[in-house]
Amino acid sequence: MNKTHDTDNLLTVEDLNIVYEADGEVTKAVSGLSLSLKKGETLGLIGETGAGKTTTALGLMRLVPNPPGRVVSGKVMYEGQDLMQATEDEMRGIRGNKISMIFQDPMTSLNPVMTVGDQISEVIMIHQDVTKAESVEKSKEMLELVGIPGARAGDFPHQFSGGMKQRVVIAIALACNPNLLIADEPTTALDVTIQAQVLDLMKELKDKYNTAMIMITHDLGVVAQVCDKVAIMYAGEIVESGAIRDVYENTQHPYTKGLFGSIPNLDSDEDRLNPIKGLMPDPTNLPSGCRFHPRCPDATAICAKVKPEPVITESGHMSRCLNSLPAALDERQDDVQELKMVAGA
Amino acid sequence: MSNEMTLDKAQTSETEVSAVRAAPKKRSQWAEVWHRLKRDKMALCGLAILTVVVFAAVFADFIADYETVVIAQNLGDRLQGPSAQYWLGTDEFGRDIFARMIHGSRVSLLVGVLSVSISIVLGGSLGAVAGYYGGKLDNVIMRVMDVFLAVPSILLAIAIVSALGANLINLMFAISISSIPSYARVVRASVLSIRDQEFIEAARAIGASDFRIILRHIIPNSLAPVIVQGALGVAGAILATAGLSFIGLGIQPPEPEWGAMLAGGRQYLRHAWHVTTFPGLAIMITILALNLLGDGLRDALDPRLKH
């Protein structure tokens with residue numbers, strides 16, 4: 001992951017830490033998360049349930065419910081502005097206007113007693129200086145754009161099917177032409193055929209408006225279909241990230257390997273899948289050293305003691321593992337060898 | 001949402017329906033509400049009765065002249081039974097009971113609707129704020145409400161009216177104050193259940209302010225129980241007005257009011273049943289109609305209950 005402040009980076013997140021505090025217990029939902037995104041790029045954020053994907057998304061928009069959630073530290077640079085330092089008023093101007101979010105379940109993310117037209121024109125009215133009539137007109141255009149007849153603007157959400165509701169949600173998210181779209185498992189609640197339609201639609205609109213997107217999902221297939229870059233999260237950390245080709249074809253981290261092992265392969269004739277053994281660690285009581293080591297097939301004694309730092313190759317392929325270091329990083333390799341020897345002694 | 005408003009909407013929606021057909025999708029939600037309300041025969045019944053009462057109140061001056069018929073005493077005709085001249089008989093001062101009932105409906109409806117509106121607006125906003133923000137603010141608001149609830153409402157109303165003096169404004173004030181806590185509770189409860197739903201989070205994610213979220217997303221979703229409570233509340237306020245007038249703290253004679261008429265006639269119950277019976281029936285039927293309409297509106301206003 002390229003950490004330099006490129007001017008063409010739309011979004012740069014550095015060392016984001018988010019915790020949930022309840023009854024004196026601190027849950028580290030997101031720790032030391034860094035990522036960057038260029039204009040028009042799509043990043044897939046993959047991880048199991050509870051890995052901190054949604055918290056990351058909410059954190060970027062400063063919507064982590066407080067209490068119990070709290071952003072401890074971190075920088076979120078968006079178009080040169082640090083969102084963590086922005087006032088609440090500034091954030092309201094950004095949400096829905098420059099950064100939009102698509103929620104997981106279209107059944108519950110629409111207001112049941114407002115017509116869909118009103119819900120689309122609401123976001124337009126909030127952010128743009130238009131009359132009511134103009135916003136209604138625009139909301140119909142948005143509906144047409146996502147493949148719903150504009151005449152249905154006066155209908156209520158319950159009169160739409162799940163897939164159409166998600167289209168409406170997409171129309172709301174794109175109504176103000178944001179530069180960044182955060183899609184939190186946008187297809188999880190939909191069945192497979194509708195998933196494909198919605199994904200195609202999102203991809204098409206994203207390309208049309210050159211919108212950058214963070215696609216949160218636990219579906220590796222969806223990522224391969226839509227994303228340019230991918231970041232794998234485990235227990236609140238990004239364990240591997242890079243261009244989609246690098247990660248899929250030159251997988252470094254054992255967790256990512258495990259994820260791929262959990263998908264049936266069409267080419268080989270296998271009776272059983274190879275899932276990752278064990279469960280996600282308790283986020284209030286994370287393992288020492290590498291957070292993945294209790295489940296890792298390649299773990300050595302050192303993994304329980306030393307916390308792996310992210311190692312980045314020249315192409316921007318990052319992996320957070322002590323074992324799978326590429327040869328290009330000999331220096332670090334030496335350090336690790338040394339540590340291994342110390343631990344072994 | 002006052003009952004006056006919903007009543008008006010229900011009444012005007014008849015013309016709206018035809019307008020909607022001419023221009024599709026224009027204000028269609030009220031046409032939709034009217035469409036659903038039309039299916040509910042009991043609610044229509046209530047609406048019809050209320051319409052009659054409202055018309056009587058509005059056109060009272062055309063039906064009976066206030067100075068010469070309603071308050072002018074005519075001792076020669078006192079306590080007469082129902083007849084062609086006096087449709088519902090006369091009271092102890094020989095005044096036409098029918099005419100007095102018509103004029104009395106003005107006070108009842110005015111106090112009922114206005115006092116409920118005041119308490120819905122005040123109680124509703126307190127409850128919405130308490131439910132939405134939670135924490136200390138919620139605690140402070142709801143404990144103050146509990147203090148109000150601890151005093152019997154009619155006693156509180158009596159205390160306020162006797163302290164401030166018996167007139168129409170104080171009467172409405174007294175009745176609305178004592179019902180603020182119950183609206184605050186109803187609204188708070190439904191706000192609590194709506195606050196954590198995903199569409200509220202989605203509204204925050206499009207940059208809506210707290211004020212907008214409460215006004216546009218939370219309140220419309222928590223309206224259904226308030227409407228029912230409000231319809232019952234108008235009925236309760238009419239009863240409370242009648243009650244206060246009955247004990248002499250409400251509307252002062254010779255102004256006609258249903259409760260005051262009941263009070264005036266109670267000494268003659270054995271000889272002249274009509275003096276108390278007709279105002280009593282008027283109270284009963286109006287309250288029944290309000291309850292029927294309230295239930296019907298609750299169903300009709302909820303777009304999730306399809307057909």
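Two strands are said to pair if DSSP finds at least two bridges between them, and strands themselves (E, at least two residues) are, like helices (H or I, at least four residues), DSSP runs numbered from the N terminus. With these terms, Val230(A) stands opposite Gly242(A) in strand 10 of chain A, within an antiparallel pairing in which 6 bridges join strand 9 (residues 229-234) to strand 10 (residues 237-243) of chain A. The model is predicted, with local features needing pLDDT of at least 70, side-chain atom pairs counting only at pLDDT 80 or more, and totals for chains, interfaces and linings using all residues. Residues are numbered from 1 along each chain as its sequence is written, while chains are lettered from A and ligands numbered from 1 in the order in which they are written.

Strands 9 and 10 belong to an open sheet of 8 strands in chain A, whose order is 6-7-8-3-9-10-12-11 and whose pairing is mixed. The edges of this sheet are strand 6 (99-102) and strand 11 (311-312) of chain A, each of which pairs on one side only. Within the sheet, strand 8 (residues 212-217) of chain A has a parallel partner in strand 3 (residues 42-46) of chain A, the two being joined over 5 bridges, and here Gly44(A) has Met215(A) as its bridge partner. Strand 7 (residues 180-184) of chain A also runs parallel to strand 8 of chain A, again over 5 bridges, with Leu181(A) bridged to Met213(A). Between strand 7 and strand 8 of chain A the chain passes through helix 6 (residues 192-209) of chain A, and this β-α-β crossover is right-handed, meaning that, with the strands pointing away from the viewer, the path from the first strand over the helix to the second runs clockwise.

A residue is called buried if 20 or more other C-beta atoms lie within 10 Å of its own, exposed if 12 or fewer, and partly exposed in between, with C-beta atoms placed from the backbone. By that criterion 6 of the 6 residues of strand 8 of chain A are buried. In a regular strand the side chains alternate between the two faces of the sheet. In strand 8 of chain A both faces are covered, with Ala212(A), Ile214(A) and Ile216(A) buried on one side and Met213(A), Met215(A) and Thr217(A) buried on the other.

Met215(A) appears again in the largest nonpolar core, where, of 167 residues, Ala171(A) and Met215(A) touch the most other members; such a core is a set of buried Ala, Val, Leu, Ile, Met, Phe, Trp, Tyr and Cys residues joined through C-beta atoms within 7 Å. The largest share of this core, 15 residues, comes from helix 6 (residues 97-133) of chain B. Contact between two residues requires that their C-beta atoms, placed from the backbone, lie within 7 Å, and, leaving aside neighbours within four places in sequence, Ala171(A) is in contact with Ile120(A), Met142(A), Leu143(A), Leu145(A) and Val146(A).

Ile120(A) is one of the buried residues of helix 3 of chain A. Because 12 of the 12 residues of helix 3 of chain A are buried, this helix is largely enclosed by the rest of the structure, and what covers its buried residues includes helix 4 (132-145) and helix 5 (162-174) of chain A. Helix 3 of chain A reaches 18 Å from its first C-alpha to its last, close to the 16 Å expected for its 12 residues at 1.5 Å a residue, where the expected span is 1.5 Å times one less than the number of residues.

The contact between the chains takes 25 residues from chain A and 20 residues from chain B. On the side of chain A that touches chain B, the elements giving two or more residues are helix 2 (88-94) and helix 3 (116-127) of chain A, and helix 3 of chain A provides the largest share, 3 residues. The residues of this side divide into 12 nonpolar, 10 polar and 3 charged, where Ala, Val, Leu, Ile, Met, Phe, Trp, Tyr, Cys and Pro count as nonpolar, Asp, Glu, Lys and Arg as charged, and the others, Gly among them, as polar.

Chain B contains 14 helices and 0 strands, and buried residues make up 45% of its 307 residues. Helix 8 (residues 153-164) of chain B spans 16 Å over its 12 residues, close to the 16 Å expected, and is followed by Gly165(B), whose phi is positive, near 105 degrees.
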